[in-house]
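Colleague: Thanks for sitting down with me over this one. Could you walk me through the model, starting with the overall fold and then going on to the surface?

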Amino acid sequence: MSSVKLSAGASAAPMQNVPAWYGWFMEKFILPHAIFSQSVITLSEIAIDLLLVAGLFTFIAALGTIFLHINFYLSGMATFNNWWYVITAIAIMGGAGRAFGLDYYVMPWLSKVLKHWVRRKKLKLNVF
C-alpha cells in the first residue's frame, strides 16, 4: 500500500481541541511523513513495553511513556481519563526495575563500567 492511502484517513479527520502550535507541527512535520511517524511511534511503544516488562532501564521507559502520552493528549486522540498512565509512569520512576527486574543486575554493572571508563580516561565527559 502506498503512504498516501494509509495516511489519507488520518489527514482527512479534523483535529479538534488541538493547540495551534501543535496543529502546525502536525501539518508541517507529521502528516507529510505519516508512514515514518507511525512506524517510529509503533516501534517506540513496543520497545517501551518490552523494557517495562523486563524491568530494564525503567526510568527511561517511564519517561518515554510520559512523552508519548502527552503527545497523544495534545493531538486530541487521548481522553482526560487516561492520565493515570502518567501517574503510573511517575510511580515506576521510583525504581520499580530494581525491586523486581533486570535493573537490579544491570544498573550496578553499568555504574561500575562507566566509572572504570571515566577513571581510565577512555571516556571523556566534557560537560562544560
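**Helices, a patch and a pocket**

Modeller: Happy to! Keep in mind that this is a predicted model. The protein chain has 7 helices and 0 strands.

Colleague: In what order do the elements of the protein chain run from the N terminus on?

Modeller: With 7 helices and 0 strands in the chain, the order is quick to read. From the N terminus on, it goes α-α-α-α-α-α-α.

Colleague: What share of the 128 residues in the protein chain is buried?

Modeller: Here, buried means under 20% relative accessible area. Of the 128 residues in the protein chain, the buried ones make up 20%.

Colleague: Is F29 buried, partly exposed or exposed?

Modeller: F29 sits in helix α2, residues 20–30. Together with W24 and F25, F29 forms a nonpolar surface patch with about 320 Å² of accessible area. The relative accessibility of F29 is 43%, and since the class between buried and exposed runs from 20% to 50%, F29 counts as partly exposed.

Colleague: Which helices each supply at least two residues of the lining of the second largest pocket?

Modeller: That pocket has a volume of about 260 Å³. Its lining includes E45, I48, D49 and L52, as well as T65, L68, H69 and F72. The helices that each supply at least two lining residues are α3 (34–54) and α4 (58–74).

Colleague: And how do the residues of that lining divide into nonpolar, polar and charged?

Modeller: Among the lining residues are F72, N82 and E45, which count as nonpolar, polar and charged, in that order. The whole lining of the second largest pocket divides into 6 nonpolar, 3 polar and 2 charged.

How values were computed:
Residues are numbered from 1 along each chain as its sequence is written. This is a predicted model: local features need pLDDT of at least 70, side-chain atom pairs count only at pLDDT 80 or more; totals for chains, interfaces and linings use all residues. Side-chain values use heavy atoms; hydrogens and water are left out. On a 1 Å grid over the protein atoms alone, a cavity is a set of points where a 1.4 Å probe fits but cannot get out, and a pocket is an open set with protein on both sides within 12 Å along at least five of seven lines; lining residues have an atom within 4 Å of a point. Grid points are joined across faces, edges and corners, and a volume is the space filled by probe spheres set on the points. Helices (H or I, at least four residues) and strands (E, at least two) are DSSP runs, numbered from the N terminus. Patches are made of residues with over 30% relative accessible area and no salt bridge: like charges are joined within 9 Å, nonpolar side chains (Val, Leu, Ile, Met, Phe, Trp, Tyr) within 5 Å. Accessible areas come from the Shrake-Rupley method with a 1.4 Å probe; for residues, only the protein chains shown count as cover. A salt bridge is a side-chain nitrogen of Lys or Arg within 4 Å of a carboxyl oxygen of Asp or Glu. Buried means under 20% relative accessible area, exposed over 50%, partly exposed in between (1.4 Å probe, protein chains only).
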